[in-house]
Amino acid sequence: MVYELSNPVTKTLITHLRDQSSDALRFRHTVGELTKQLMYEALKEPALVQKSITTWRGKESYEVIDEDNIVVATVLRAGMPMLDSAIDLLPGVSAGFLAMKRDESTHKSVLYYDRLPECKGKTVILVDPMVATGGSMMDALELIKSREPLKIITLNIIGSPEGLQRITKAYPEVDIYIAQIDERLNSDKFIIPGLGDAGDRSYNTVK
């Protein structure tokens, strides 16, 4: 199932990302703020656990998200600002890293780095700013699924209708939370209107 955010603040932040005058620091900060919005939506109804803490009145117990059973995984490098934001919000979660490179001639992705923690029986949140063709995300989902998680959620900033349709058809059990669904893919498989290359813009590596 695909859940698209509709908050006016979300739309304003997306426009800031599209603005080519936004420098790398502002770009990363805005991606981080959008990630928090997505986290709030994705984790509205999780199973809560009791946590005992010391308050000003002494020992007390409160319901909290079970961070020990959540893994936040990212596709390097564009997903790093999203991962940083997610673990700032929930510092008790585990982090996982995947690296894929798109072949510009075939438009297919190649996995060359896998550093996922134990996923069996846990909720895995895959964060990746952009869903274009959906190829790299499907590769990541297939790998994560093989680790036997309890549930898989994806958080994305923008995506194409074509890529999202492809993913939901292949993985109907995965919940996709996305800030903005854009118009389409062009002939070069880039999202229109899109943001440009999120990794390059985050880290000032534009050629």
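**Notebook: cores, an aromatic pair and two buried polar residues**

I began with Leu17 and listed its contacts, leaving out residues up to four places away in sequence: Leu17 touches Phe27, Thr30, Val31, Leu34, Ile157, Leu195 and Arg201. I note at the outset that I am working from a predicted model.

I then looked up the nonpolar core to which Leu17 belongs, the largest one, and found that of its 32 residues Leu17, Val72, Ile125, Leu155 and Ile157 touch the most other members. Going through the secondary structure, I recorded that the elements giving two or more residues to this core are helix 1 (8-18), helix 2 (24-42), strand 4, helix 3, strand 7 (123-127), strand 9 (151-159) and strand 10. Helix 2 gives the most, with six residues. Apart from this core lies another, of 23 residues, and among them I noted Leu116, Met137, Ile144 and Ile178. As background, I wrote down that in soluble globular proteins nonpolar side chains tend to be buried together.

Next I turned to aromatic rings, and my search of the whole structure found one aromatic pair. The rings of Tyr3 and Tyr177 have their centres 4.7 Å apart and their planes at 15 degrees, so I entered the pair as stacked, the cut-off for stacking being planes under 30 degrees apart. The pair links distant parts of the chain, since Tyr3 sits in strand 1 (residues 2-4) and Tyr177 in strand 10 (residues 175-181), 174 residues apart. When I checked accessibility, Tyr3 came out as partly exposed, with a relative accessible area of 35%, whereas Tyr177, at 10% relative accessibility, counts as buried.

I also looked at two polar residues, beginning with Thr74, which I placed in strand 4 (residues 70-76). Thr74 has a relative accessibility of 0% and therefore counts as buried, as the cut-off for buried is under 20%. What does the side chain of Thr74 reach? I found that it reaches the backbone oxygen of Gly79 at 3.1 Å. Leaving aside neighbours within four places in sequence, I listed Thr74 as in contact with Gly79, Met80, Leu83, Gly96, Phe97, Leu98 and Val127.

The second was Ser85, which I found in helix 3 (residues 80-89). Is Ser85 buried or exposed? At 5% relative accessibility, Ser85 counts as buried. Its contacts, not counting residues up to four places away in sequence, are Gly32, Thr35 and Lys36.

Methods
Residues are numbered from 1 along each chain as its sequence is written. This is a predicted model: local features need pLDDT of at least 70, side-chain atom pairs count only at pLDDT 80 or more; totals for chains, interfaces and linings use all residues. Side-chain values use heavy atoms; hydrogens and water are left out. Rings of Phe, Tyr and Trp (its six-membered ring) pair if their centres lie within 6.5 Å; planes under 30 degrees apart count as stacked, over 60 as edge-to-face and the rest as tilted. Helices (H or I, at least four residues) and strands (E, at least two) are DSSP runs, numbered from the N terminus. Buried means under 20% relative accessible area, exposed over 50%, partly exposed in between (1.4 Å probe, protein chains only). A polar contact is a pair of N or O atoms within 3.5 Å; within protein, one must be able to donate a hydrogen and the other to accept it, and residues adjacent in sequence count only if both atoms are side-chain atoms. Contact means heavy atoms within 4.5 Å. A nonpolar core is a set of buried Ala, Val, Leu, Ile, Met, Phe, Trp, Tyr and Cys residues joined through side-chain atoms within 4.5 Å.
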